[in-house]
Amino acid sequence: MKKVQCDECNKVFDFNVVANQLNEGVESLTFTCPHCNHVYIGIIADDDIREWQKEVRALQRTEPTNKKHDEEIKHKIGLLGLQIKSRMDQLKVKYYGGDS
């Protein structure tokens, strides 16, 4: 099992990832420091995020036809990445009260 050091209490521990069903369609993967109970959110996603992630995967498989097309693909992937991060941050605040 992998050991990590807690950012809050600095103690080292083996972590166990737990899948959480937070609401209909909203899921997170978390682990908790057994010493201070600080919760780490690995991933949090809803239906929108999962759809955007599918779009990113499809774009990553797209063969660019020329340099301009390649730049367009990279740009779209970048925008989707920002959209995903923003939504994940909103969900973290809603379900966990901030960043973890």
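1. A good place to start is the sheet: three strands make an open sheet, ordered β3-β4-β5, with antiparallel pairing. The strands β3 (18–23) and β5 (39–45) are at the edges and have a single partner strand each, so one side of each lacks a neighbour in the sheet. On average, neighbouring strands here are turned by 30 degrees against each other, direction ignored. Please keep in mind as you look around that this is a predicted model.

2. Next, follow strand β4, which covers residues 26–32 and is joined to β5 by six bridges, the two running antiparallel. If you would like one pair to find by eye, try Ser 28, whose bridge partner in β5 is Ile 44.

3. Now bring in the helix. Helix α2, residues 67–96, lies across β3, β4 and β5. Its direction is at about 125 degrees to β5.

4. Ala 19 is a handy landmark in strand β3. Is Ala 19 buried or exposed? With a relative accessible area of 63%, Ala 19 is exposed, because the cut-off for that class is over 50%. Leaving aside residues up to four places away in sequence, Ala 19 touches Ser 28 and Leu 29. From Ala 19 to Phe 31 the C-alpha to C-alpha distance is 9.0 Å, and the two are 12 residues apart in sequence.

5. Leu 29, one of those contacts of Ala 19, belongs to strand β4. Leu 29 has 34% relative accessibility and so counts as partly exposed. Together with Val 17 and Ile 43, Leu 29 makes a nonpolar surface patch of about 230 Å².

Methods. Residues are numbered from 1 along each chain as its sequence is written. This is a predicted model: local features need pLDDT of at least 70, side-chain atom pairs count only at pLDDT 80 or more; totals for chains, interfaces and linings use all residues. Side-chain values use heavy atoms; hydrogens and water are left out. Two strands pair if DSSP finds at least two bridges between them. Helices (H or I, at least four residues) and strands (E, at least two) are DSSP runs, numbered from the N terminus. Axes are lines fitted to C-alpha atoms, for helices over the stretch in contact, and angles run from 0 to 180 degrees between N-to-C directions. Contact means heavy atoms within 4.5 Å. Patches are made of residues with over 30% relative accessible area and no salt bridge: like charges are joined within 9 Å, nonpolar side chains (Val, Leu, Ile, Met, Phe, Trp, Tyr) within 5 Å. Accessible areas come from the Shrake-Rupley method with a 1.4 Å probe; for residues, only the protein chains shown count as cover. A salt bridge is a side-chain nitrogen of Lys or Arg within 4 Å of a carboxyl oxygen of Asp or Glu. Buried means under 20% relative accessible area, exposed over 50%, partly exposed in between (1.4 Å probe, protein chains only).
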